[in-house]
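Welcome, and please open your viewer so that we can walk through this model together. At each stop you will get something to select and a short note on what is there.

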Amino acid sequence: MGEVKVRATELTEEQKQELDLAFERARKALAIIETYDQERVDRLCQAVAWAVANKKTFARLVNMGIEESGLGDPVSRMNKRFKIRGVLRDALRQKSVGIIEEIPEKGIVKYAKPAGIIASIVPTTNPDLTPAGTAIYAIKARDVVIFSPHPRSKKTSFETVRLMREALEREGAPADILQCLTNVNIPMTKALMERADLALATGGKDMVKSAYSSGTPAYGVGAGNATMIIDETADTADAARNTMLSKTSDFGSGCSADGNLIISDKIYDEMLDQLQKVGGYLANEEEKAKLRAVMWDENGRRLPTTVALAPQKLAEIAGFSIPEDRKFIIVKGDGIGKEHPFSGEKLTTLLAVYKYEGEFENALDMMRAIYEVGGKGHSCGIYSFDDDHIHRLALAAPVSRIMVRQPQSKANAGAFNNGMPMTSSLGCGTWGGNIVSENVHLKHYMNTTWVSRPIPEDKPSDEELFGEFYDPALEA
């Protein structure tokens, strides 16, 4: 492993000792898990997943995480245990030891190898889900993981990892396949990433940038600003219900939570009515101004004090009240651009709605403008039964994933009723400053060795290759 590149003064002696010991243990555990066969790693995946994802245990972790961080909704966060089941499903259905793919016609055979020691950066909003999902894919790939929890929810992450370590020990495997740091801060996390073989950074923009500048291969995620187009063919009742599910999940804390709706003028009023029927509160202009004042500072930076709050609490901080049965707040968009913060990422139970007039191309123009504000590369969606509209959005949207008639925050990272790979890390491509534009899943946790055997020559003629540009005289 490489030397720590941060200045020694940035780490305390206690931190240096913890990091040195963690890597020493990780290397020993890696030498053992590398020898396991497919059946063995699959069983270990099941063991660690069940240790965390059973209802009783996950409920305790959810309550612990919300109490520790002050962020999130206990009811919707409980549903994240099903994502662990989805990750396990995807992991168990794939090969990760020895030969994982053969392409006889090309003479190619692919072998899987571990990536090695993974540094996993855990976000404060998923102190339990991220370690569990990462552990399953890592064990499946025969990696070891050192987790760096967010300081605001580190006790919850440590407890999650402790439960999985116990599960490994019960199966006779080294507990140090999974470790969790305790003396965490930014210098400690940077030092971890610099010494690891692979960094997985799920968190804020600065941490992802730090991962990419660590000198270690890294998978990061980009910022979200999920935007949904609702055209005149949409089922407004279904679209409203899905919007509510996406917007209210864990109080809108996820980067996939719906932020903006672009609604056809032909169904705009109907859609607003449906949104209110499913629990939306339509703020007036005075309330909207108050919300802006407590959500962004004078420079347009999002204030952390109003992130991931129940709508009643958000309204209270802004200086007004809303009924107890309301599940999210709606504001009418007053423009799109950096000077209009409601067109950016909200990260709470607030939704902006926009009306597009006439042609569908106008909706696409508004969509493009929103992604210039933020969220480029992440996720977009559409409620439509017009395949041409869906196709045109897919051609135009600068995003890595588009959900059709689905609640974005419950669909784009994988769901049991779509084919997206299950994950809690969403790559956003070069648009979002990431190296991959897909869901980070098992294949990203492995190295692959390609073995190539000779095949009959596959060499087209020059006439076939160059077509009408071919001039035999120039080859004479």
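Which residues of the largest nonpolar core touch the most other members? Select I84, I136, I139, I177 and L178: of the 78 residues in that core, these are the ones. Keep in mind as you look that this is a predicted model.

**Stop 1: the cores**

Now colour helix α2, residues 38-53. The largest share of the core, 9 residues, comes from α2. Next, zoom in on I136 and show what surrounds it. Setting aside neighbours within four places in sequence, I136 is in contact with C45, V48, A49, I84, V87, L88 and A91. A second core, of 34 residues, lies apart from the largest one. To find this second core, select I229, I262, M367 and I390, which are among its members. There is a general pattern to remember here: in soluble globular proteins, nonpolar side chains tend to be buried together.

**Stop 2: D42 and its neighbours**

Go back to helix α2 and pick D42, which is placed there. Is D42 buried or exposed? D42 counts as buried, because its relative accessibility is 16% and the cut-off for buried is under 20%. Leaving out residues up to four places away in sequence, D42 touches L92 and K140. Show the side chains of D42 and K140 to see a polar contact between them, at 2.7 Å. You can also draw a distance from the C-alpha atom of D42 to that of R93: the two are 51 residues apart along the chain, and these atoms are separated by 9.6 Å.

**Stop 3: a strand with two covered faces**

Select strand β8, residues 227-230. In a regular strand the side chains alternate between the two faces of the sheet. In β8, T227 and I229 are on one side, M228 and I230 are on the other, and all of them are buried.

Which strands pair with β8? One is β13, residues 377-383, which pairs with β8 in the parallel sense over 4 bridges. Another is β9, residues 260-264, also parallel to β8 and paired over 4 bridges. Click on I230 to see both pairings from one residue: its bridge partner in β13 is Y383, and in β9 it stands opposite I263. Then add helix α10, residues 236-248, to your selection. Together, β8, α10 and β9 make a right-handed β-α-β unit.

**Stop 4: salt bridges**

How many salt bridges does the model have? The count comes to 25, and we will visit a few. Side chains of opposite charge can pair when their charged atoms come close.

Begin with E171 and R43, whose side chains meet in a salt bridge with 2.6 Å from N to O. E171 lies in the loop between α7 and β5 while R43 is in helix α2, so the pair ties together parts that are 128 residues apart in sequence. E171 is partly exposed, with a relative accessible area of 22%.

Next, select K288 and D334, another salt bridge, at 3.4 Å from N to O. Here K288 comes from helix α12 and D334 from the loop between β11 and β12, so this pair ties together parts that are 46 residues apart in sequence. K288 counts as buried at 5% relative accessibility, whereas D334 is partly exposed at 42%.

Then find E316 and K313, where the closest N and O atoms of the salt bridge are 4.0 Å apart. Both lie in helix α13, 3 residues apart, which is about one turn of the helix. E316 counts as exposed at 53% relative accessibility, and K313 is partly exposed at 38%. To finish this stop, select E361, D365, R368, D388 and R392: salt bridges that share partners join them into one network.

**Stop 5: two positive phi angles**

Most residues other than glycine have a negative phi, and most peptide bonds are trans. Select A308, in the loop between α12 and α13. Phi of A308 is positive, near 55 degrees, and A308 is buried, with a relative accessible area of 2%. Lastly, select L347, in the loop between β11 and β12. Phi of L347 is also positive, near 60 degrees, and L347 is partly exposed at 23%.

Methods. Residues numbered from 1 in each chain as written. Predicted model: local features only at pLDDT ≥ 70, side-chain atom pairs only at ≥ 80, totals over all residues. Heavy atoms only, no water. Buried < 20%, exposed > 50% of the residue type's maximum accessible area, 1.4 Å probe, protein only. Pairing = 2+ DSSP bridges. Right-handed = clockwise from strand over helix to strand, strands pointing away. Contact = heavy atoms within 4.5 Å. Polar contact = N/O pair within 3.5 Å; in protein donor to acceptor, adjacent residues only side chain to side chain. Core = buried A, V, L, I, M, F, W, Y, C linked by side-chain atoms within 4.5 Å.
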